[in-house]
Amino acid sequence: MMDILRPVLININGRIYRKNPVQEECPYEEEDDYSYSGADAEQCLDEPCDAHDIEQTEKGFRCAIDVPSVLYKYIIGKKGETRKRLESDTKTSISIPKQGVEGQIVVTGAHRAAVASAVTRIEVLIDSFRRKQPFTHFLSFALNHPQVQEGFLRFREEVLEQCGQDSGVDVSIFQNPAKLHLTIGTLALLNEQEVTRANELLQQCHSVIREITQAKPLPVEVRGIEYMNDDPSMVDVLYAKVAVQDGSDKLQQIADRLVECFASAGLMERERDRVKIHGTIMNTLFRKDPSAEDKGASGRPNNKDREAFNAKKILQMFGEFYFGAFELNSVQISQRFSTDGTGYYSSVGHVTFS
């Protein structure tokens, strides 16, 4: 009874859907040999909780939905089976642009309810595969102020000098000083329209941020280190602590409000109640790939093929290490695997605190 009274709700592009359990299986497959299991079937026969923008035409009803081209294959399915099944189940026709061409998927049918049902199934199906896409961008606070970079280089030098013999510790696992940052949350923006939408959303958050900061830069301090797993002798990521100098939680407020805003719009997944404020300074992913990144504060670490390091001595000797202080004055949408003229990540949008 509780499952009926409290159904699982799914947020897709700001629309709320109720997830209904069903008994039948949906044997949908896509080109990469993904098979639709009973667990996914719970989503594919969902019901809409609100109305779509469905227009009436001479022949019936029509609805166009924006879907990034990289996700078309999940609607088409292996040998077109997914689209055929959707069309058969809902008695609609589904038109999909050619692969690689950005456009809209258009659903047409004789009845409004049939079109609404097909659109809902497409959106829930797309959402399930969107969650499997690697993130492309992330909301960040840059920590690469010259003073902090200088402190970080001093930290790296002293750690290598005094702890370089410890298991797994070497220069390759240290962060690039020009890319020191705080990750607020990650985004999978799959075409230019989604990048534009994310930037517009960030601009809408400007007034909220200025209200928190009183339209002034935030003086912050980078001091101390920490890790997040249970065993300090087997660490994959070491973080620097970041705090507002006046002891307030203004930085935390900004991060939490941004995640709330982006999650409500369906652009970001909320992994925890509060954002973990920290900046990566050592990461074993860098050992094999200096450009690699974890999902930061909002994701699960990738432990596959990682060689952990012993951080016991580092934590004992440098637990309260002072990296530096500066005035933080912006948040940006940073592009993963990119570099701008300063050595930081390229930005596709930003807002200032002042």
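**Cavity lining, cysteines and selected residues in a predicted model**

Strand β12, which spans residues 278-283, contributes three residues to the lining of the second largest cavity and thereby gives the most to it. The structure examined here is a predicted model, in which three cavities of 30 Å³ or more were counted. The second largest cavity holds about 50 Å³ of space, and its lining is made up of Leu-143, Val-148, Leu-180, His-181, Val-222, Ala-240, Gly-279, Thr-280, Ile-281 and Phe-323. When these lining residues are sorted by class, seven are nonpolar and three are polar, while no charged residue takes part.

As regards the fold as a whole, the protein contains ten helices and 15 strands. Of its 354 residues, 50% are buried. Among the contacts that link residues at least 6 apart in sequence, 74% join residues that are at least 24 apart.

Val-331 offers an example of such a contact-rich position, and it is located in strand β14, which runs over residues 330-335. With a relative accessibility of 0%, Val-331 counts as buried. Leaving aside residues up to four places away in sequence, Val-331 touches Ser-140, Phe-141, Ile-184, Leu-202, Ile-209, Leu-258, Gly-349, His-350, Val-351 and Phe-353. One of these partners, Ile-184, is 147 residues away from Val-331 along the chain, yet the C-alpha atoms of the two residues are separated by 9.2 Å.

Phe-353 is also among the residues touched by Thr-213, together with Leu-218 and Ile-254, when residues up to four places away in sequence are again not counted. Thr-213 belongs to helix α8, which comprises residues 206-213, and counts as buried because its relative accessibility, 2%, falls under the 20% cut-off. In addition to these contacts, the side chain of Thr-213 reaches the backbone oxygen of Phe-353 at a distance of 3.1 Å.

With respect to the cysteines, the model contains zero disulfides. Cys-205 is in no disulfide, and the nearest cysteine sulfur, which belongs to Cys-261, lies 3.1 Å away; this pair is therefore not counted, because a disulfide requires the two sulfur atoms to be within 2.5 Å. Cys-205 is buried, with a relative accessible area of 6%, and Cys-163 is likewise buried, with a relative accessible area of 0%.

Two lysines were noted for their backbone conformation. Lys-79, in the loop between α3 (72-76) and α4 (81-90), has a phi near 55°, which is a positive value in a residue other than glycine. Lys-91, found in the loop between α4 and β6 (92-95), likewise has a positive phi, of about 55°, although Lys-91 is not a glycine. In contrast to the buried residues described above, both positions are open to the probe by the accessibility criterion: Lys-79 is exposed, with a relative accessible area of 72%, and Lys-91 is exposed, with a relative accessible area of 69%.

How values were computed
Residues numbered from 1 in each chain as written. Predicted model: local features only at pLDDT ≥ 70, side-chain atom pairs only at ≥ 80, totals over all residues. Heavy atoms only, no water. 1 Å grid on protein atoms, 1.4 Å probe; cavity = no way out; pocket = protein on both sides within 12 Å on 5 of 7 lines; lining within 4 Å. Points joined across faces, edges and corners; volume = space filled by probe spheres on them. Helix = DSSP H or I, 4+ residues; strand = E, 2+ residues; numbered from the N terminus. Nonpolar A, V, L, I, M, F, W, Y, C, P; charged D, E, K, R; others polar. Buried < 20%, exposed > 50% of the residue type's maximum accessible area, 1.4 Å probe, protein only. Polar contact = N/O pair within 3.5 Å; in protein donor to acceptor, adjacent residues only side chain to side chain. Contact = heavy atoms within 4.5 Å.
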